[in-house]
Amino acid sequence: MATIQSFFTNTQERLTGYYRPLFKAGSVKPLWHMMIVTSVIMYTQSYVFNKGKHIQAARQEKKIALEEYYAKHGKSGHH
């Protein structure tokens with residue numbers, strides 16, 4: 001437990017040391033970093049919890065449907 005607390009304490013100190021001067025100087029870099037982190041977290045959450053299973057299931061369903069169609073009607077090139 002002490003190791004986890006020291007890790008978070010050290011991380012907080014490093015981030016504070018890096019970002020505090022940037023905030024005080026009015027830099028736009030912290031804003032960009034927050035926007036990128038937020039986007040990555042939101043995209044990952046959306047894919048993992050919402051789209052991942054549904055998209056894979058839909059692709060599998062389409063694949064099976066196409067295989068059945070080709071088995072009935074044959075597979076030709078282009079129209």
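User: How many aromatic pairs does the count come to?
Analyst: The count comes to 4 aromatic pairs. Rings of Phe, Tyr and Trp (its six-membered ring) pair if their centres lie within 6.5 Å; planes under 30 degrees apart count as stacked, over 60 as edge-to-face and the rest as tilted. This is a predicted model, where local features need pLDDT of at least 70 and side-chain atom pairs count only at pLDDT 80 or more, while totals for chains, interfaces and linings use all residues. Residues are numbered from 1 along each chain as its sequence is written, and side-chain values use heavy atoms, with hydrogens and water left out.

User: What kind of pair do Tyr-18 and Tyr-19 form?
Analyst: Tyr-18 and Tyr-19 are edge-to-face, at 4.8 Å centre to centre and 85 degrees between the planes.

User: And why is the pair of Tyr-69 and Tyr-70 edge-to-face?
Analyst: Because the planes of Tyr-69 and Tyr-70 stand at 65 degrees, with the ring centres 6.0 Å apart.

User: Are those tyrosines, Tyr-69 for one, buried or exposed?
Analyst: Tyr-69 is partly exposed, with a relative accessible area of 45%. Buried means under 20% relative accessible area, exposed over 50%, and partly exposed in between (1.4 Å probe, protein chains only). Tyr-70 is partly exposed at 33%, and Tyr-18 is partly exposed at 40%.

User: New topic. How many helices and strands does the chain have?
Analyst: The chain has 2 helices and 0 strands. These are DSSP runs numbered from the N terminus, helices being H or I with at least four residues and strands E with at least two.

User: What lies between helix 1 and helix 2?
Analyst: A loop that includes Gly-26 lies between helix 1 (2-25) and helix 2. Gly-26 is exposed, with a relative accessible area of 60%. The C-alpha atoms of Gly-26 and Lys-63 are 53 Å from each other, and the two residues are 37 residues apart along the chain.

User: Where is Ile-55?
Analyst: Ile-55 is in helix 2, which covers residues 29-73. Ile-55 is partly exposed, at 32% relative accessible area. From Ile-55 to Gln-12 the C-alpha separation is 38 Å, with their positions 43 residues apart along the chain.

User: What about Ile-64, where is its place?
Analyst: Ile-64 is in helix 2 and is partly exposed, with a relative accessible area of 38%. Ile-64 and Tyr-43 are 29 Å apart, C-alpha to C-alpha, and 21 residues apart in sequence.

User: Back to the chain as a whole. What radius of gyration does it have?
Analyst: The chain has 25 Å, where a compact globule of 79 residues would have a value near 12 Å. The radius is taken over C-alpha atoms, and the globule rule is 2.2 Å times the number of residues to the power 0.38. Along the principal axes, the C-alpha atoms fill a box of roughly 70 × 35 × 20 Å.

User: What share of the residues is buried?
Analyst: Buried residues make up 8% of the 79 residues.
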